[in-house]
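Thanks for coming. I will show one structure and then go through its contacts and its empty space.

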Amino acid sequence: MFLTIITSKKRTFKLRLRQCDTDVCLYHAEQVRYLSVMDKAISRLNPKQKEAVMHTEGPLLILAGAGSGKTRVITTRVAYLLSLGVPAGAVLAVTFTNKASKEMRERAMSILQGNGYKTPLISTFHSLCLNILRREIDKLGYRQDFTIFDSSDQHSLLRNILSEIKFEDKSFKPEHIMERISMTKNEMARSRTGKTASPDDIAIISEMVYPKYHEAMKTLNAVDFDDLLLLTLQLFRDHPAVLDKYRFRFRYIMVDEYQDTNRVQYNLIHLLSGERKNLCVVGDDDQSIYGWRGADPGNILDFEKDFPGTVIVRLEQNYRSFGHILQAANGVIKNNKKRMEKSLWTERDQGPKVNIFRATDGDDEAQWVADRVELLKFEKKASYDDIAIIYRANLFSRPFEEALRKNRVPYTVVGGTSYFEHREIKDLAAYLKICANSSDDLSLMRIANVPKRGLGPTALGRLAAFSKENSISLLQAMRRAGEISELGDKIKNNAADLARLIDKNTSLFRTKREMNKAFRSLIEEINYRDYLHELHKNPKAALSRIEAYEDFILSMAHYESKESAPSLHGFLEALALTDLMNEKDEKKMFGVTLISLHSSKGLEFPVVFIVGVEEDILPHKKSVGDVEEERRLFYVGITRAMKELFITHTTHRIKYGKDVPSNPSRFIEEIPVEVLKKIDRFEKETPEQAENSAKAFFANIKDMLGE
DNA sequence: GTTAGTTCTGTTTTT
DNA sequence: CAGAACTAAC
């Protein structure tokens, strides 16, 4: 059935309707007014992009090469759907990061310029699932007030389990076992690329421990990140009525970064899209760099097979990089066997060639880069903000930080140790967690003796045993500490006091208008400040810890001010699922950016340095199994650069305290020689270069003195 | 129950 | 080398 809408401006729109889309009709009349806004946005697209935007019904695969205007296409498409009269509630766009979803939301809505359009649901996989589970999880036998365990929670739980079953073999680290459990949960075993099929020792152990872990999580009334997805999938599989509800609701589904989806995510999307298959996925198999985390590039490679009738749109025009950079990228990536054929092209100039520099060692490399950064600043008038230094592993940031500091160059390190890793934040968060979820024995265990309140391991062991015998929570056991005859009177009181403290604050968080005030007084009540001073003998360190938790309180205040119905659960969810702390600091990003190859995906910089491009680092020695993914990683790095790209490597490098010779990465040879330029440190400046740099130098001084 | 010394180990990490 | 985690003595 076709419905034709006649607009005031002699423009006709054909809208195909399906039987279940009756509510579309109700909307069209008021939408026609806004088509001109939409037309403007669409007119800015190239033909391929236009095709992707206007194809609204049936499965659509958008293969979006790096820098091909992917975000513009997705956001325009969302806006386009709304402009057609599709109700906002029927549109679902799923992303991986909060940053991406935020950007998508803002840009899509800005295309429509308000005009009374409601915002569709644009969310990450995890928060989408959380929202569904909050409503439906009782159907799976969980309690509604569950909390989310982050990886350090998981880790310590697993540690407990291992010691409980007296698994003492230290050669198996809890992290590795946890990683394996996570892979199992993400249905890696059933993956089509699945090479994890061969059962090794870790697989055997994790298989043994997984049921115990799962059981423990359930009694703790907690779910982990994987569970959010897995339980939602289970919900959809076991409760068709629930699935139908969401299927009916989400009639237009879009998935960003589809190459990064794992099997569970694939199944979720598959189920949700249902018969209708109004599913649009966007991705680039060449940028699939999360295979080690369960991402299955097979999902994008086989999309056509999985969804018959798929229309494929290739976005290959690159708007980001100069020609030489693109040729380097193409030259490298074409060595991969398993990929969808595509080749980026640009209308832009060739630009400078790709610079290769060989340093003697890591410090030399860092110093050279830092000096080059200054040269760029003064000679080419580049801003520090325009420059990024990208490395394979976060630990490489160190020498660059030092060299930049030495040159007085401002910089920002992205990633690395996150805010949550700090002990004081984890401690205080544990207080919040036990208040939010009285079954969370793990958090209670963590803070039972922090600060010291005379509840050592032995006392806690007794309490834990008592809770087990009576199948009650640890908190409940503390409330009833008086009944435990093995405990001394003092300990009984200590435990009961703690239980009272938790109970009191639990109700305070529930009733008090401003949670952050309650939080602050809780921190004061437990004398956490003094505890920190005891812990760190030099007052400077203690003070910085105090500042850190002050920030934490501030972020709670921030959360409360922006949320319409703030709650402790809500805050903890935001804490687990979004990077609350970095959110605030986002604007503070300035200077040269130091970032890992992985986190650089999606970003762009006029000048990029990819450093440490050596064998055993860039194809990393631990990922020999998947050189193609390493190559994609390099490809991602190259395609971040807009104007100028530098690639550096060393002749020897200190690794774990030992000096080892290093060889240039095999990937460097894959860059066509005609786009390469080897830079020699001792190369003298040509007279005109010298003149230019002198000019630039003086111009810069003038700048600094004058305006 | 805490502390200082010792051994061990070493990617990437959107949530 | 450096941080974590474990052990052995206060």
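**DNA contacts, a pocket, a cavity and an aromatic cluster**

Start at DNA strand B, where one of the phosphate oxygens sits 2.8 Å from a side-chain N or O atom of Asn 98. Keep in mind that this is a predicted model. Ser 599 also reaches a phosphate oxygen of DNA strand B with a side-chain N or O atom, here at 3.2 Å. Arg 293 goes to a base instead: an N or O atom in the Arg 293 side chain is 2.8 Å from a base nitrogen of DNA strand B.

Taking the whole surface around this strand, there are 24 residues, and those that come nearest are Arg 293, Arg 392, Asn 394, Lys 452 and Ser 596. Among the atoms of DNA strand B that come within 4 Å of the protein, 52% are sugar or phosphate. What is the make-up of the surface near DNA strand B by class? It has nine nonpolar, nine polar and six charged residues.

Now DNA strand C. The residues around DNA strand C are Arg 159, Arg 398, Tyr 656 and Gly 657. By class, that is one nonpolar, one polar and two charged. Here 38% of the strand's atoms within 4 Å of the protein belong to sugar or phosphate, and the rest belong to bases.

Which phosphate contacts does Arg 159 make, and at what distance? An N or O atom in the side chain of Arg 159 lies 2.8 Å from a phosphate oxygen of DNA strand C. For Arg 398, the side-chain N or O atom is 3.4 Å from a phosphate oxygen of that strand. Tyr 656 uses its backbone: a backbone N or O atom of Tyr 656 is 3.3 Å from a base nitrogen of DNA strand C.

Next, the empty space. Rolling a probe the size of a water molecule over the atoms shows where such space is left. I will take the second largest pocket, which holds about 840 Å³. Its lining counts 22 residues, and nearest the centre are Glu 164, Ala 216, Thr 219, Asp 441 and Lys 468.

Which helix gives the most to this lining? The answer is α7, with five residues. The elements that each supply at least two lining residues are α7 (151–164), α9 (201–219), α19 (441–447) and α20 (457–469). Sorted by class, the lining of this pocket has ten nonpolar, seven polar and five charged residues.

As for closed space, the structure has two cavities of 30 Å³ or more. The second largest cavity has about 30 Å³ of space. Residues lining this cavity include Gly 65, Asp 284, Asp 286, Arg 339, Lys 342 and Tyr 635. The lining of the second largest cavity divides into three nonpolar, three polar and four charged residues.

Last, the aromatic rings. A pair of such rings is described by the distance of the centres and the angle of the planes. Over the whole structure, a search gives 16 aromatic pairs. Why is the pair of Trp 368 and Phe 646 edge-to-face? Their ring centres are 6.0 Å apart and the planes stand at 70°, so the pair counts as edge-to-face, given that the class takes angles over 60 degrees.

This pair links distant parts of the chain, with Trp 368 in helix α16 (residues 362–379) and Phe 646 in strand β16 (residues 641–650), 278 residues apart. Both Trp 368 and Phe 646 are buried. Together with Phe 357 and Phe 609, Trp 368 and Phe 646 form one aromatic cluster.

How values were computed:
Residues are numbered from 1 along each chain as its sequence is written. Chains are lettered from A and ligands numbered from 1 in the order in which they are written. This is a predicted model: local features need pLDDT of at least 70, side-chain atom pairs count only at pLDDT 80 or more; totals for chains, interfaces and linings use all residues. Side-chain values use heavy atoms; hydrogens and water are left out. A residue is near a molecule or strand if one of its heavy atoms lies within 4 Å of it. A polar contact is a pair of N or O atoms within 3.5 Å; within protein, one must be able to donate a hydrogen and the other to accept it, and residues adjacent in sequence count only if both atoms are side-chain atoms. Ala, Val, Leu, Ile, Met, Phe, Trp, Tyr, Cys and Pro count as nonpolar, Asp, Glu, Lys and Arg as charged, and the others, Gly among them, as polar. On a 1 Å grid over the protein atoms alone, a cavity is a set of points where a 1.4 Å probe fits but cannot get out, and a pocket is an open set with protein on both sides within 12 Å along at least five of seven lines; lining residues have an atom within 4 Å of a point. Grid points are joined across faces, edges and corners, and a volume is the space filled by probe spheres set on the points. Helices (H or I, at least four residues) and strands (E, at least two) are DSSP runs, numbered from the N terminus. Rings of Phe, Tyr and Trp (its six-membered ring) pair if their centres lie within 6.5 Å; planes under 30 degrees apart count as stacked, over 60 as edge-to-face and the rest as tilted. Buried means under 20% relative accessible area, exposed over 50%, partly exposed in between (1.4 Å probe, protein chains only).
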